[in-house]
Amino acid sequence: MSVHPLANHRAHDYRALVREWQALAKEAGLKMEVFARVGELPVYVLRTKDAARDARPTIYLSAGIHGDEAAAPWGLLAWARENVARFKTDRFLIFPVLNPHGLIMNTRIDQDGADLNRSFNVPGHPLITAWLRVVAGREFALALCLHEDYDGQGCYLYELNPRHPVVGHAILNDCARVLPIDQRKRIDGRAAKDGLIVRRVLPEMPGHPEAIVLHLMGTPLTLTFESPSEFSLHDRIEAQKTFIRSALEHGLRRG
Ligand SMILES: [Zn+2]
């Protein structure tokens with residue numbers, strides 16, 4: 001009898017995920033560091049080992065800011081495993097799990113009961129302050145924030161793109177080979193078309209998400225991807241992987 005590859009998947013085992021990243025970092029030549037601590041838990045960042053005076057812009061990847069969205073961090077890891085060569089050609093800054101407490105507890109919120117993705121404008125927030133120190137002075141060519149949604153009826157995407165032609169539909173077309181696209185006309189209170197919510201200007205939000213700060217830093221394209229939490233974990237991980245691959249293909253190929 002064959003065992004399903006995900007039958008024993010420890011989706012909320014933070015330490016297992018960290019061990020996988022440590023092994024990958026060694027293989028890929030990525031520098032992996034603890035940039036913050038929440039209680040006893042280390043929070044990690046990985047970066048390509050940059051040559052001095054390397055002026056190439058960086059690709060920003062982040063997952064696990066909401067702990068009950070497990071396919072995002074595992075999808076990011078799965079993508080990285082299959083794209084080790086890419087870390088030699090491009091510069092990356094990767095936050096594999098921004099909310100380890102949430103991942104372990106399978107909850108959206110952090111150890112203080114806050115939504116970290118509405119806390120980026122909270123003055124003196126310890127984790128955000130540490131995050132700001134890491135990203136300070138960086139220029140990002142593209143930023144990808146990976147999420148999941150329990151209300152999602154398929155994949156959808158927020159595109160924060162102040163200047164260039166929309167790329168989200170091409171990316172969602174690729175994701176549609178793995179999971180359906182969410183066809184709701186309104187998603188989370190915002191107008192959506194074929195799973196895409198485009199923002200040319202900033203939405204009014206009292207608590208700032210990660211994507212807004214990246215946008216305010218001058219990132220020309222910030223994409224927030226959502227896979228539907230109620231679908232199979234295997235397919236959601238595949239969708240996250242497909243999203244990253246396609247976003248790098250379509251999101252960087254711009255004049
Ligand atoms: Zn989320």
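## Report on a predicted protein model

The protein carries 32 positive and 30 negative side chains, and the centres of the two sets lie 6 Å apart. Here Lys and Arg count as positive and Asp and Glu as negative, while His and the chain ends are not counted. The place of a charge is NZ of Lys, CZ of Arg, CG of Asp or CD of Glu.

This is a predicted model, in which local features need pLDDT of at least 70 and side-chain atom pairs count only at pLDDT 80 or more, whereas totals for chains, interfaces and linings use all residues. Residues are numbered from 1 along each chain as its sequence is written, and side-chain values use heavy atoms, with hydrogens and water left out.

**Overall form**

The secondary structure comprises 8 helices and 10 strands; these are DSSP runs numbered from the N terminus, with helices (H or I) of at least four residues and strands (E) of at least two. Along the principal axes, the C-alpha atoms fill a box of roughly 55 × 40 × 40 Å. The radius of gyration is 17 Å, which agrees with the value near 18 Å for a compact globule of 255 residues. That radius is taken over C-alpha atoms, and the globule rule is 2.2 Å times the number of residues to the power 0.38.

Of the 255 residues, 56% are buried, a term for under 20% relative accessible area, with exposed meaning over 50% and partly exposed in between (1.4 Å probe, protein chains only). The accessible surface comes to about 11,700 Å², and 51% of this surface belongs to carbon and sulfur atoms. Areas come from the Shrake-Rupley method with a 1.4 Å probe. Among contacts (heavy atoms within 4.5 Å) with a separation of 6 or more, 78% join residues 24 or more positions apart.

**Cysteines**

How many disulfides does the rule count? The count is 0, where a disulfide is a pair of cysteine sulfur atoms within 2.5 Å. Two cysteines are listed below, and for each the closest cysteine sulfur is too far for a bond.

| Cysteine | Closest cysteine sulfur | Sulfur distance | Relative accessible area |
|---|---|---|---|
| Cysteine 145 | Cysteine 175 | 15 Å | 1%, buried |
| Cysteine 175 | Cysteine 155 | 5.5 Å | 0%, buried |

**Glycine 67**

Glycine 67 lies in the loop between β3 (58–62) and α2 (71–82). The residue is buried, with a relative accessible area of 0%. Leaving aside residues up to four places away in sequence, glycine 67 touches His12, Asn99, Gly102, Leu103, Asn106, Thr107 and Arg108. Histidine 169 is 102 residues away along the chain, and the C-alpha atoms of glycine 67 and histidine 169 are separated by 27 Å.
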